[in-house]
Amino acid sequence: MEETPTLSELFRPDIESLEEYVPIEPTEVLAARLGIPASDIVKLDANENLYGCSLRVQEALSSFDRYHIYPDPNQRELRELLAGYAGFSPEKILAGSGSDELIDLVMRLFIVPGDEVIVCPPTFGMYSWSARLCGARVVAVPRDERFQVDVERVLAAVTDRTKLIFLASPNNPTGNLVPLSDVVRLLQTRAVVVVDEAYYEFAGSTVAPLVEEFPNLIVLRSLSKWAGLAGLRIGYGIFPKEIVDQLWKIKQPYNVNVAAQLAVRATLEDLDYLKQVIHRIRLERGRLFRQLRKLNLLSPYPSDANFILCKVVRASARSLKQWLENRGIFVRYFDTPQLKDYIRISVGRPEDTDKLMKALLEAAAL
Ligand SMILES: *Cc1c(COP(=O)(O)O)cnc(C)c1O
């Protein structure tokens, strides 16, 4: 009798050897570990909007009575709304369950095993994670010492197998924009350039109008950060026609759920409120930056997003992260060689800054 194969012989070998993605932990888990109420947690680790979403979202979700009906697979109303907001025609728009889904769809559209995807670390981890899952070879071209994209080196790294170049602008976790001229230079290659503008609303600067001009540019946006809808999973892309036509063939029919679609409508009906929130966060970003710089413990980097990357200069980043965590304050800590002594702090409300600064001042006095 033949021996039954073990499960591990059945798994895709590339997945067995894949590193696990380390996600941030839910508030309830953090609170339970510290033995404090979830409402006492100061959550500055995931760039969420601590003002929350528009109250109209909650009203729209609670009064809706057709959750038993599937969403529109063509996203007609949703694309009209997003197109109106972004200023592009609906034919160029495709929405996803978060922009994370769109990153994944773009990979699936272009990558066959052995193709190359260029990323510029330190940057958002989903690009290389998603690329590896599709069997791509991830070509990392590190940013320079000021965390700018090294365009010359990216150009030199492009080969016959390069399919995609991923750039976040503003970049997570460094907070800086990619200059438009750099994007234009990379668009001269035969690769598709994906500019991830998840933090566009905090920066106010975009390369999206170039999609009309370049058939190889994709711009991704998200409602997770500025609109406070991270939990509902909604993002969208602005795509050249040729690319979006192919994406329609591979997306799951019901990828964006009804609640997320309702939330987009309610959000866009309350845009004045959200613009106020964005304005407050931008002001708070300035206030937090100035306070952090005075500390003599951290060296903050200027940011166009809703977070500030800091080099920890007088302690280890790990111990500082732990110090804050013991006080219910969560920041993002990186354990990579390029970001060994860094933490990333999301910009919250003034009261969040105050609690953070109190704890940091105590740490600085040690
Ligand atoms: C947060 C973030 C996203 C994720 O957006 P979702 O729409 O929540 O999937 C995408 N890109 C970058 C750079 C981010 O920081």
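Against which helices and strands do the buried residues of α13 pack?

**View 1. Packing around helix α13 in the predicted model.** The buried residues of α13 pack against three helices, namely α10 (200–203), α12 (258–269) and α15 (350–364), and against the strands β9 (298–300), β10 (307–312) and β12 (342–346). Those buried positions are Leu274, Val277, Ile278, Ile281, Glu284, Arg285, Leu288, Phe289 and Leu292, a list in which Glu284 and Arg285 stand beside Leu, Val, Ile and Phe residues.

**View 2. Length of helix α13 and the residue that follows its end.** Helix α13 comprises 24 residues, from 271 to 294, and its span from the first C-alpha to the last is 35 Å, which is close to the 34 Å expected at 1.5 Å a residue. Just after this helix, Asn296 adopts a positive phi of about 65°.

**View 3. The shell of residues around the ligand.** The ligand is surrounded by 13 residues, the closest of which are Ser99, Asp196, Tyr199, Ser224 and Lys225. By class, the shell divides into four nonpolar, five polar and four charged residues.

**View 4. Polar side-chain atoms at the ligand, and its cover by the protein.** A nitrogen atom of the ligand lies 2.5 Å from a polar side-chain atom of Asp196, while an oxygen atom of the ligand is 2.5 Å from an N or O atom in the side chain of Ser224. For Arg233, an N or O atom of the side chain is 2.8 Å from an oxygen atom of the ligand. Of the 390 Å² of accessible area that the ligand has on its own, the protein covers 94%.

Methods:
Residues numbered from 1 in each chain as written. Predicted model: local features only at pLDDT ≥ 70, side-chain atom pairs only at ≥ 80, totals over all residues. Heavy atoms only, no water. Helix = DSSP H or I, 4+ residues; strand = E, 2+ residues; numbered from the N terminus. Expected span 1.5 Å × (residues − 1). Buried < 20%, exposed > 50% of the residue type's maximum accessible area, 1.4 Å probe, protein only. Contact = heavy atoms within 4.5 Å. Near = heavy atom within 4 Å. Polar contact = N/O pair within 3.5 Å; in protein donor to acceptor, adjacent residues only side chain to side chain. Areas by Shrake-Rupley, 256 points an atom, 1.4 Å probe, with all protein chains shown as cover. Nonpolar A, V, L, I, M, F, W, Y, C, P; charged D, E, K, R; others polar.
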